[in-house]
Amino acid sequence: DMLFEVIMARFDILQKNRNSILNIYKSFKSKPQKLLKLIPSFLESMLLTAKLAKINTKNIKGSIKIKGIFLIYIATFFVWKDDNTKSIEKTMTSLDKYIDNAESLTKNIL
């Protein structure tokens with residue numbers, strides 16, 4: 001699945017900068033209002049993620065898919081932050097499961 005590959009590439013980059021990313025996460029935990037300022041640019045990055053994964057983002061279905069990718073990414077991030085395996089196996093397994101669940105859900109709705 002192309003979406004899996006694109007999102008895992010993002011987590012591979014996060015993994016290379018793990019300590020710094022976790023420190024940034026901790027600072028947002030103490031001041032969540034700062035995170036609100038980043039949501040628009042983060043949604044833009046999810047749009048780019050969708051485009052790289054060759055997902056159509058043009059219509060209402062595309063808009064829903066972008067928000068779904070956002071939710072998948074956030075849920076996977078919370079697994080990644082606690083994943084202490086060197087190969088981030090737990091992160092990969094969770095991402096795969098989240099994508100499968102989202103695909104099953106969208107088949108029934110969209």
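**Fold and helix packing**

In the protein chain, 67% of the contacts with a separation of 6 or more join residues that lie 24 or more positions apart. The model is a predicted one. Its secondary structure comes to 6 helices and 0 strands. Along the sequence, the pattern reads α-α-α-α-α-α. The radius of gyration is 14 Å, close to the 13 Å that the globule rule gives for 110 residues, so the chain is as compact as a globular protein of that length. The C-alpha trace spans about 40 × 30 × 20 Å along its principal axes. Of the 110 residues, 29% count as buried.

Two helix pairs illustrate the packing. The first pair joins helix α1 (residues 2-16) and helix α4 (residues 39-52). Their axes come within 8 Å and cross at roughly 135 degrees. An angle between 115 and 145 degrees counts as oblique, and α1 and α4 are therefore oblique to each other. The crossing of α1 past α4 is right-handed. On the α1 side, the contact is made by Met-2, Leu-3, Val-6, Ile-7 and Arg-10. On the α4 side, Phe-42, Ser-45, Met-46, Thr-49 and Leu-52 take part. By residue class, this contact of α1 with α4 divides into 7 nonpolar, 2 polar and 1 charged.

The second pair is helix α2 (residues 18-30) with α5. Their axes lie 11 Å apart, and the packing angle is about 120 degrees. That angle makes α2 oblique to α5. The crossing of α2 and α5 is left-handed. From α2, the residues involved are Arg-18, Ile-21, Leu-22 and Tyr-25. They meet Phe-77, Phe-78, Trp-80, Lys-81 and Asp-82 in α5. The contact of α2 with α5 holds 6 nonpolar, no polar and 3 charged residues.

One residue of α5 was examined individually. Thr-76 is found in this helix, which covers residues 60-82. The relative accessible area of Thr-76 is 0%. Buried means under 20%, so Thr-76 is buried. Leaving aside residues up to four places away in sequence, Thr-76 touches Phe-11, Thr-91, Leu-95 and Tyr-98. Among these partners, Phe-11 belongs to helix α1. Leu-36 is 40 residues from Thr-76 in sequence. In space, the two are 19 Å apart, C-alpha to C-alpha.

Conventions. Residues are numbered from 1 along each chain as its sequence is written. This is a predicted model: local features need pLDDT of at least 70, side-chain atom pairs count only at pLDDT 80 or more; totals for chains, interfaces and linings use all residues. Side-chain values use heavy atoms; hydrogens and water are left out. Axes are lines fitted to C-alpha atoms, for helices over the stretch in contact, and angles run from 0 to 180 degrees between N-to-C directions. Helices (H or I, at least four residues) and strands (E, at least two) are DSSP runs, numbered from the N terminus. Angles under 35 degrees count as roughly parallel, over 145 as roughly antiparallel, 65 to 115 as roughly perpendicular and the rest as oblique. A crossing is left-handed if the near helix is turned anticlockwise from the far one by less than a right angle, and right-handed if clockwise. Contact means heavy atoms within 4.5 Å. Ala, Val, Leu, Ile, Met, Phe, Trp, Tyr, Cys and Pro count as nonpolar, Asp, Glu, Lys and Arg as charged, and the others, Gly among them, as polar. The radius of gyration is taken over C-alpha atoms; the globule rule is 2.2 Å times the number of residues to the power 0.38. Buried means under 20% relative accessible area, exposed over 50%, partly exposed in between (1.4 Å probe, protein chains only).
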